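Biologist: Please display the model, so that we may discuss how its parts are arranged.

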Amino acid sequence: MTFELTDRQRALQSAAQELAEGPVQERAAEVDRTESYPWDHVDRLVEGGFVGMTIPEAYGGQGRSWLDAVLVIEEMSKACSVTGRIVVETNMGAISAVMAYGTEEQKRMAADMVLAGDKPAICITEPEAGSSAGEMTTRADRRGNRYVLNGGKHWITGGGVSRLHLIFARVFDEDGAEEGIGGFLAIRDETEGLRIVKREPTMGLRGIPEAEIAFEEMEVPPSMMLMPPRGLKKGFADLMTAYNSQRVGAATVALGIAEGAYRLALDWSEEREQFGRPINEFQGLQWKLADMSIKLAASRALVYGAARSGEGGFPDMLLAAQAKVMTSESAIQVVNDALQLFGARGYSRNRPLERMARDVRMFTIGGGTAEVLRNVVAGAILGKKLPQTRDGYLQPAAQRM
Ligand SMILES: Cc1cc2nc3c(=O)[nH]c(=O)nc-3n(C[C@H](O)[C@H](O)[C@H](O)COP(=O)(O)OP(=O)(O)OC[C@H]3O[C@@H](n4cnc5c(N)ncnc54)[C@H](O)[C@@H]3O)c2cc1C
């Protein structure tokens, strides 16, 4: 499958490549080593117009497509996966949910924050509700002219650096009757009761914090509730369709890391000589390089195709799931093979391969595990979804004995 890019897309891709191969690449190792959020990269992304690209022009963005964002994420991730993830989360996920379902006031607020460089945090996962996100127990109780949130989330990307938070919670009316799952917007340091509890010590992607967040009697006005199109009863699925964009973005980061590793391996295979010849003259390594290129070509086709399916809306759920499973799993293999081609040098912290191997490992887990996404794919191709709970339906954990 070939993908024709427009002149405008090619120009965007080259501008992203220039930034990625310059200052972004230069500091990638340091960002990892010091585990510090790359605010300098954020400033450059803002200057280059790479944040909020998908926000409509009416709200100050460029109204760009998911594929445009993918092209930028891919280039950044070849050099620095953390910077790639920042581009994902300033163009997809939480911001796209607000732009699709928010009120005028919510859209303006979120767009202004993102265009100034804020990477919103999306808060779904809880310690007892991971893959079964619908079992979350964080609750929002209506009390007069306020919602009061109590509960907690963990593994929230950007916790401690993000200001805008999109928090999913079970909503209860004044009489304590449950209404469904809704999304609430809150701003760290402005919304009292939002507390960053701790940062996770992660294997890779160390320049961006993963945090546990507590909501303690956190009060928000109803105007900060993000209303799903079908209302609170059935709306969680609607809110989650926005997440398909984030899945395509996550797949793109994995693709970019693997492409970066492959390029390094190709060059090294020509440069490194053993037995008096470049190591790429050994057929075993030629086949390894061939397999790597095949995996990358297949992944890129799926990722670009999934991104294109979302024109005028959100990427298709099946295509996004297929792209993320394929790309995340093959990217781990490609990076591992690239590291192998470097021999002992691949295992050194003085070279990027070990960082890339740690970074890429995440993508079969975060944003829907490869197993859960296979359930999504199976459900779509078979036209039936097997219940995952023993009794065949999802029941809020809070109501179970
Ligand atoms: C780096 C990172 C960043 C993240 N960022 C965010 C974020 O910003 N916001 C957020 O809300 N969450 C975030 N997450 C959380 C992520 O979405 C969850 O880790 C993921 O949904 C899986 O949940 P879990 O870790 O609790 O695993 P579990 O659900 O406990 O799963 C354990 C294992 O069981 C498998 N499994 C579970 N159920 C099934 C099933 N029905 N069929 C087959 N296999 C199954 C899983 O695939 C997995 O292998 C992040 C995670 C990571 C690692």
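Biologist: Between which domains does the shell around the ligand lie?
Modeller: Both of the domains concerned give residues to the shell, so it lies between domain 2 (121-232) and domain 3 (241-382). This is a predicted model, in which local features need pLDDT of at least 70 and side-chain atom pairs count only at pLDDT 80 or more, while totals for chains, interfaces and linings use all residues. Residues are numbered from 1 along each chain as its sequence is written. The domain bounds come from an automatic or database domain assignment, and the two that flank the shell are domain 2 and domain 3.

Biologist: Which residues come nearest to the ligand?
Modeller: A residue is near the ligand if its C-beta atom, placed from the backbone, lies within 6 Å of it. The elements β1 (121-123), β3 (146-157) and α12 (370-382) each give two or more residues to the shell. Of the 21 residues around the ligand, those that come nearest are Ile-124, Gly-130, Ser-131, Gly-366 and Thr-369.

Biologist: How many residues of the shell around the ligand are charged?
Modeller: Charged means Asp, Glu, Lys and Arg; Ala, Val, Leu, Ile, Met, Phe, Trp, Tyr, Cys and Pro are nonpolar, and the others, Gly among them, polar. The shell has nine nonpolar and 10 polar residues, and its charged residues number two.

Biologist: Which helix gives the largest share of the side of domain 1 that touches domain 3?
Modeller: The C-alpha centres of domain 1 and domain 3 lie 20 Å apart. Their contact (C-beta atoms, placed from the backbone, within 7 Å) takes 23 residues from domain 1 and 24 residues from domain 3. Helices α1 (7-34), α3, α4 and α5 (94-101) each supply at least two residues of the domain 1 side. The largest share, 11 residues, comes from α3.

Biologist: At what angle do α3 and α8 cross?
Modeller: In α3, residues including Trp-66, Ile-73 and Lys-78 meet residues of α8 that include Ser-245, Val-253 and Gly-260. The contact of α3 with α8 divides into 10 nonpolar, six polar and four charged residues. The axes of α3 and α8 (residues 243-271) come within 7 Å, and the crossing angle is roughly 35°.

Biologist: Are α3 and α4 roughly parallel or roughly antiparallel to each other?
Modeller: Helices α3 (residues 66-79) and α4 (residues 81-89) pack with their axes 7 Å apart, at an angle of about 165°. Angles over 145 degrees count as roughly antiparallel and those under 35 as roughly parallel. The relation of α3 to α4 is therefore roughly antiparallel.

Definitions and conventions: Axes are lines fitted to C-alpha atoms, for helices over the stretch in contact, and angles run from 0 to 180 degrees between N-to-C directions. Helices (H or I, at least four residues) and strands (E, at least two) are DSSP runs, numbered from the N terminus. Angles under 35 degrees count as roughly parallel, over 145 as roughly antiparallel, 65 to 115 as roughly perpendicular and the rest as oblique. Two residues are in contact if their C-beta atoms, placed from the backbone, lie within 7 Å.
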